[in-house]
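Thanks for making the time this morning; I would like to walk through the side-chain pairs and the sheet, one after the other. Please have the sequence and the coordinates open while I talk.

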Amino acid sequence: MAVVHAIVADLMFGSKVAATARAHGVDYRGARSLAGLRAASGDPALVVIDLEAELPDGDPIEAVAESVRRRPSATVVAFAGHLLTDRLEAARRAGAHEVLSRGGFSGRLESMMAGVAGVADSGEERPPGED
């Protein structure tokens, strides 16, 4: 079973991400801190970071950089409101494989989770088209 690790600030939006993952047979593991993200079990195919999250032990940009470094086989996707251009650019510089506005992420959520589920079935390292 494919695994997704995520930090999503908004509880309602996080519930949507989790439900979409589960609908595709993907094991969703949410965290509220860097320590929680580090402790999440499984080898994720996808790591999702909400750049608007207020973490008690770090910054979402740090979570992006650390995820890229610690989870080399995972696709790291960062998202934030479209007006937060500094945050979005910082995530690109930190190495996120994909940086999206919140609306863009929401619009791609179904296809992303379907891709992650497909990776688990095919044995590929990254979701197709996620580079």
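Let me begin with E66 and R70, whose side chains meet in a salt bridge with an N to O distance of 3.5 Å. Keep in mind throughout that this is a predicted model. The two residues are four apart in helix α3, so about one helical turn separates E66 from R70. Their surroundings can be told apart by accessibility: E66 is buried, with a relative accessible area of 10%, whereas R70 is partly exposed, with 44%. Which residues are linked with each other in a network of salt bridges here? They are R38, E66 and R70, and the structure as a whole holds eight salt bridges.

A second pair within a helix is E89 with R92, where the closest N and O atoms are 3.5 Å apart. These residues are three apart in helix α4, which spans residues 85-93, and about one helical turn separates them. Here E89 is partly exposed at a relative accessible area of 34%, and R92 also counts as partly exposed, at 42%.

The next salt bridge joins R102 and E52, with 3.4 Å between the closest N and O atoms. What does this pair tie together? R102 lies in helix α5, residues 102-122, and E52 in the loop between β3 (46-50) and α3 (60-70), so the pair connects parts that are 50 residues apart in sequence. Both ends fall in the intermediate accessibility class, since R102 is partly exposed with a relative accessible area of 23% and E52 is partly exposed with 34%.

R102 also takes us to the aromatic residues, because its charge lies over the face of F13, at 5.1 Å from the ring centre, which is inside the 6 Å cut-off for such a contact. A search of the whole structure finds three aromatic pairs. In one of them, the rings of F13 and F79 have their centres 5.6 Å apart and their planes at 65°, so this pair is edge-to-face, given that planes over 60 degrees apart are counted that way. F13 lies in helix α1 and F79 in strand β4, so the ring pair ties together parts that are 66 residues apart in sequence. Are these two residues buried or exposed? Both F13 and F79 are buried, and ring pairs link F13, F79 and F105 into a cluster.

That leaves the sheet, to which F79 has already brought us. It is an open sheet of five strands in the order β2-β1-β3-β4-β5, with parallel pairing. At its edges are β2 (27-31) and β5 (98-101), each of which pairs on one side only, and from one strand to the next the twist averages 20°. Within the sheet, β3 and strand β4, residues 75-80, pair in the parallel sense over five bridges, and D50 stands opposite F79 in β4.

Two helices can be placed against these strands. Helix α1, residues 11-23, packs on the sheet and touches β2 and β4, its direction making about 160° with that of β2. Helix α3, where we started, lies across β1 (3-7), β3 and β4 and runs at about 165° to β3. To return to the opening pair, then, E66 and R70 belong to that helix, and with R38 they form the salt-bridge network.

Definitions and conventions
Residues numbered from 1 in each chain as written. Predicted model: local features only at pLDDT ≥ 70, side-chain atom pairs only at ≥ 80, totals over all residues. Heavy atoms only, no water. Salt bridge = Lys/Arg side-chain N within 4 Å of Asp/Glu carboxyl O. Buried < 20%, exposed > 50% of the residue type's maximum accessible area, 1.4 Å probe, protein only. Pairing = 2+ DSSP bridges. Axes fitted to C-alpha atoms, helices over the stretch in contact; angles between N-to-C directions. Contact = heavy atoms within 4.5 Å. Phe/Tyr/Trp six-rings, centres within 6.5 Å; stacked < 30°, edge-to-face > 60°. Lys NZ or Arg CZ within 6 Å of the ring centre and 35° of its normal.
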